[in-house]
Amino acid sequence: MPDLGRTLIFIGLLLVVVGGIVLGLNRLNLPVGRLPGDLNWRGRGWSVSFPIATSIVISVVLSLILWAVGRLRR
């Protein structure tokens, strides 16, 4: 059970960091979640969002960062 607690704390801290990054990017007026290719539908009292293009961009950036870190560790 202690491992579960540590894992939940780590996931919580990771979510806080990611949330801070998203808020910071919003203040810089970067179009995170509003790129061409992101699908948004709005109705009365509801909205649905599928940030496909944003997900691809984030995936590519993270892949490049992790590739560079792996390259430096060799």
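Select Leu35 to begin: at 25% relative accessibility this residue counts as partly exposed, because the partly exposed class runs between the 20% limit for buried and the 50% limit for exposed. Bear in mind throughout the tour that the model is predicted.

With Leu35 still selected, look at its place in the chain, which is the loop between helix H1 (2-27) and strand E1 (39-43). Now display the residues around Leu35, and, once the neighbours within four places in sequence are set aside, Ala53, Thr54 and Val57 are the residues in contact with it. For a distance to try in the viewer, pick the C-alpha atoms of Leu35 and Leu72, which lie 37 residues apart along the chain and are separated by 32 Å.

Move next to Val32, another residue in the loop between H1 and E1. Is Val32 buried, partly exposed or exposed? Its relative accessible area is 31%, so Val32 is partly exposed. Leaving aside neighbours within four places in sequence, Val32 is in contact with Leu25 and Thr54, and Thr54 is also among the contacts of Leu35. A second distance can be drawn from Val32 to Ser55, where 23 residues of sequence separate the two and the C-alpha atoms are 9.4 Å apart in space.

Step back along the chain to H1 and select the whole helix, which has 26 residues and reaches 38 Å from its first C-alpha to its last, close to the 38 Å expected at 1.5 Å a residue. Just after H1, select Asn29 and check its backbone torsions, since this residue takes a positive phi of about 60°.

Now colour the two strands. How many bridges join E1 to strand E2 (residues 46-50)? There are 5 bridges between E1 and E2, and the two strands run antiparallel. Two of the pairings can be picked out residue by residue: Trp41 has Val48 as its bridge partner in E2, while Gly43 has Trp46 as its partner in that strand. Between the strands of this hairpin there are 2 residues, and Gly45 takes a positive phi near 80°.

Show the side chains of Trp41 and Phe50, since the structure holds 1 aromatic pair. The ring centres of Trp41 and Phe50 are 5.8 Å apart and the ring planes stand at 75°, so the pair is edge-to-face, planes over 60 degrees apart being assigned to that class. Neither ring belongs to a buried residue, because Trp41 counts as partly exposed at 43% relative accessibility and Phe50 is likewise partly exposed, with a relative accessible area of 43%.

Finally, clear the selection and zoom out to the whole chain. The protein has 2 helices and 2 strands, and from the N terminus on its elements run α-β-β-α. Its radius of gyration is 17 Å, well over the 11 Å that the globule rule gives for 74 residues, so the protein is more spread out than a compact globule. Along the principal axes, the C-alpha trace spans about 50 × 35 × 20 Å. If you colour by accessibility, what share of the 74 residues counts as buried? The share is 4%. A surface display closes the tour, with an accessible surface of about 6,800 Å², of which 71% belongs to carbon and sulfur atoms.

Note on methods
Residues numbered from 1 in each chain as written. Predicted model: local features only at pLDDT ≥ 70, side-chain atom pairs only at ≥ 80, totals over all residues. Heavy atoms only, no water. Helix = DSSP H or I, 4+ residues; strand = E, 2+ residues; numbered from the N terminus. Buried < 20%, exposed > 50% of the residue type's maximum accessible area, 1.4 Å probe, protein only. Contact = heavy atoms within 4.5 Å. Pairing = 2+ DSSP bridges. Rg over C-alpha atoms; globule rule 2.2 N^0.38 Å. Areas by Shrake-Rupley, 256 points an atom, 1.4 Å probe, with all protein chains shown as cover. Phe/Tyr/Trp six-rings, centres within 6.5 Å; stacked < 30°, edge-to-face > 60°. Expected span 1.5 Å × (residues − 1).
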